[in-house]
Amino acid sequence: MDRDVNVLAFGPPGTARRTLCAPSGTGWCSPDDPCCSSPAYRLVQDILAAKRDLDLPRMLRKLDNFDLLIIDDLGYLP
């Protein structure tokens with residue numbers, strides 16, 4: 001958490017990416033660190049809804065406040 005890095009986990013369905021990344025992510029965060037885990041489709045839906053409601057700057061500030069953001073299921077988005 002002291003370094004700003006991206007960690008990507010790729011693989012075909014059923015290769016336990018979520019099983020590996022979710023516990024690691026929560027292990028990297030202390031109880032005081034703001035962390036978020038979300039499937040990509042839900043994050044995109046939330047961003048599009050914020051844009052529609054003219055609330056996008058607030059939504060992006062909210063995302064920017066997380067020390068760790070785990071985005072799951074990127075491959076399921078067209």
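This section describes the fold, selected residues, salt bridges and surface of a predicted model.

The secondary structure of the protein consists of three helices and two strands. In sequence order these elements follow the pattern α-β-α-α-β. Of the 78 residues in the protein, 17% are buried. The protein exposes about 6400 Å², and 56% of this area is supplied by carbon and sulfur atoms. When contacts between residues at least 6 apart in sequence are considered, 74% of them join residues at least 24 apart.

Strand 1 covers residues 35-39 and includes Ser38. Ser38 has a relative accessibility of 7% and therefore counts as buried, the cut-off for this class being under 20%. Leaving aside residues up to four places away in sequence, Ser38 touches Leu43, Ile70, Ile71 and Asp72. Strand 2, which spans residues 68-72, thus enters the description through Ser38 as well as through Leu69, since Ile70, Ile71 and Asp72 are among the residues that Ser38 touches.

Leu69 is itself located in strand 2. Its relative accessibility is 33%, so Leu69 counts as partly exposed. Together with Ile71 and Leu74, Leu69 forms a nonpolar patch on the surface. The accessible area of these three residues together is about 240 Å². Ile71 accordingly appears in two settings: Ile71 is touched by Ser38, and Ile71 belongs to the surface patch.

Helix 2 comprises residues 40-52 and contains Asp46. The relative accessible area of Asp46 is 37%, and Asp46 is therefore partly exposed. The C-alpha atoms of Asp46 and Leu56 lie 9.4 Å apart in space, while the two residues are ten apart in sequence.

The loop between helix 2 and helix 3 holds Leu54, and helix 3 runs over residues 56-64. Leu54 has a phi near 60°, a positive value in a residue other than glycine. Most residues other than glycine have a negative phi. The side of Leu54 open to solvent was also assessed: with a relative accessible area of 77%, Leu54 is exposed, because the exposed class begins over 50%.

Two salt bridges are counted in the model. In one of them, the side chains of Asp53 and Arg52 meet with an N to O distance of 3.0 Å. The two partners fall into separate accessibility classes: Asp53, at 47% relative accessibility, counts as partly exposed, whereas Arg52, at 61%, counts as exposed. A salt bridge also links Asp55 with Arg58, and here the closest N and O atoms are 2.7 Å apart. Asp55 has a relative accessibility of 26% and so counts as partly exposed. Arg58, at 41% relative accessibility, is likewise partly exposed.

Terms used. Residues are numbered from 1 along each chain as its sequence is written. This is a predicted model: local features need pLDDT of at least 70, side-chain atom pairs count only at pLDDT 80 or more; totals for chains, interfaces and linings use all residues. Side-chain values use heavy atoms; hydrogens and water are left out. Patches are made of residues with over 30% relative accessible area and no salt bridge: like charges are joined within 9 Å, nonpolar side chains (Val, Leu, Ile, Met, Phe, Trp, Tyr) within 5 Å. Accessible areas come from the Shrake-Rupley method with a 1.4 Å probe; for residues, only the protein chains shown count as cover. A salt bridge is a side-chain nitrogen of Lys or Arg within 4 Å of a carboxyl oxygen of Asp or Glu. Helices (H or I, at least four residues) and strands (E, at least two) are DSSP runs, numbered from the N terminus. Buried means under 20% relative accessible area, exposed over 50%, partly exposed in between (1.4 Å probe, protein chains only). Contact means heavy atoms within 4.5 Å.
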